[in-house]
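Colleague: Please show me how to read this model, one feature after another.

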Amino acid sequence: MNTREIWEKYHIEFYFFILKRVKNEEHANDILQNSFIKIHKNLDKLKNPGKLKSWIFQIIRNEINDYFKDSVYCVRDIIFQNSEEDSSPFTQVCCFDKFLNELPEKNRSLMKLVYVDGKPQKEAAELASLSLANAKALIRRSKTIMKNRFKECCKYETNTEGKLVGQSQCSLCD
């Protein structure tokens with residue numbers, strides 16, 4: 001797989017993974033771009049192509065760590081952002097947390113393991129005590145449910161590849 005194929009297949013997933021952590025769209029885009037520069041430069045050094053996604057998530061996590069080291073964040077701000085008192089989690093991505101939390105518990109925990117924590121599906125399946133096939137089926141169903149909710153509530157559209165496109169026109173968020 002080359003850098004372009006990786007970008008086309010995963011960039012949205014990686015962007016939301018980053019955005020969930022940095023809570024700033026501009027910084028998330030910068031981190032994503034820096035990550036893909038490193039991916040492009042080092043793709044030939046990947047020893048096991050089967051671990052591509054895990055390898056990329058590690059690059060992204062390192063970029064996020066660098067962002068926090070270099071930023072003017074203080075510990076108090078980070079604790080406050082992650083506390084339960086924060087009444088508007090992930091507000092920069094229209095309704096994401098809301099739709100994720102509407103999923104049944106098994107689906108929600110599996111989606112969080114894969115798309116929030118960045119775990120490979122195989123590892124997430126083991127943690128959830130599921131077969132890999134069942135985990136993939138649950139993830140596929142969950143993604144379909146969330147995609148339909150984004151289309152219904154936030155007025156996103158899908159392109160020919162079935163991916164969400166457009167700008168949010170959500171009456172709840174705007």
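Modeller: Ala, Val, Leu, Ile, Met, Phe, Trp, Tyr, Cys and Pro count as nonpolar, Asp, Glu, Lys and Arg as charged, and the others, including Gly, as polar. By these classes, the lining of the second largest pocket holds 5 nonpolar, 3 polar and 5 charged residues. This is a predicted model, in which local features need pLDDT of at least 70 and side-chain atom pairs pLDDT 80 or more, while totals for chains, interfaces and linings use all residues. Residues are numbered from 1 along each chain, and side-chain values use heavy atoms, without hydrogens and water.

Colleague: Which helices supply at least two residues each of the lining of the second largest pocket?

Modeller: A pocket is an open set of points on a 1 Å grid where a 1.4 Å probe fits, with protein on both sides within 12 Å along at least five of seven lines; lining residues have an atom within 4 Å of a point. Here, helix H3 (52–70) and helix H7 (121–127) each do so; helices are DSSP runs (H or I) of at least four residues, strands (E) of at least two.

Colleague: How many helices and strands are there in the chain?

Modeller: The chain has 8 helices and 2 strands, and along the sequence the pattern is α-α-α-α-α-α-α-α-β-β. Of its 174 residues, 35% are buried, that is, under 20% relative accessible area with a 1.4 Å probe.

Colleague: Which residues have the most contacts inside the largest nonpolar core?

Modeller: Such a core joins buried nonpolar residues, Pro excepted, through side-chain atoms within 4.5 Å. The largest one has 23 residues, and Phe 99, Leu 100, Leu 110, Met 111, Met 146, Phe 150 and Cys 154 have the most contacts inside it. Helix H5 (96–102), helix H6 (105–116), H7 and helix H8 (132–154) each give this core at least two residues, with H8 providing the largest share, 7 residues. Beyond four places in sequence, Phe 99 touches Met 146, Arg 149, Phe 150, Cys 153 and Cys 154, a contact being heavy atoms within 4.5 Å.

Colleague: What does Leu 46 contact beyond four places in sequence?

Modeller: Leu 46 lies in the loop between helix H2 (25–42) and H3, and contacts Leu 52 and Trp 55. Its C-alpha atom is separated by 9.9 Å from that of Ile 56, 10 residues apart along the chain.

Colleague: Where does pLDDT stay under 50?

Modeller: pLDDT is the predictor's confidence in each residue, from 0 to 100. The value stays under 50 over residues 72–92. Among the elements, helix H4 (residues 75–82) has the lowest mean, 36, and H7 the highest, 91. The chain mean is 79, with 80% of residues reaching 70 or more. Where pLDDT is low, predicted coordinates should not be read in detail.

Conventions
Buried means under 20% relative accessible area, exposed over 50%, partly exposed in between (1.4 Å probe, protein chains only).
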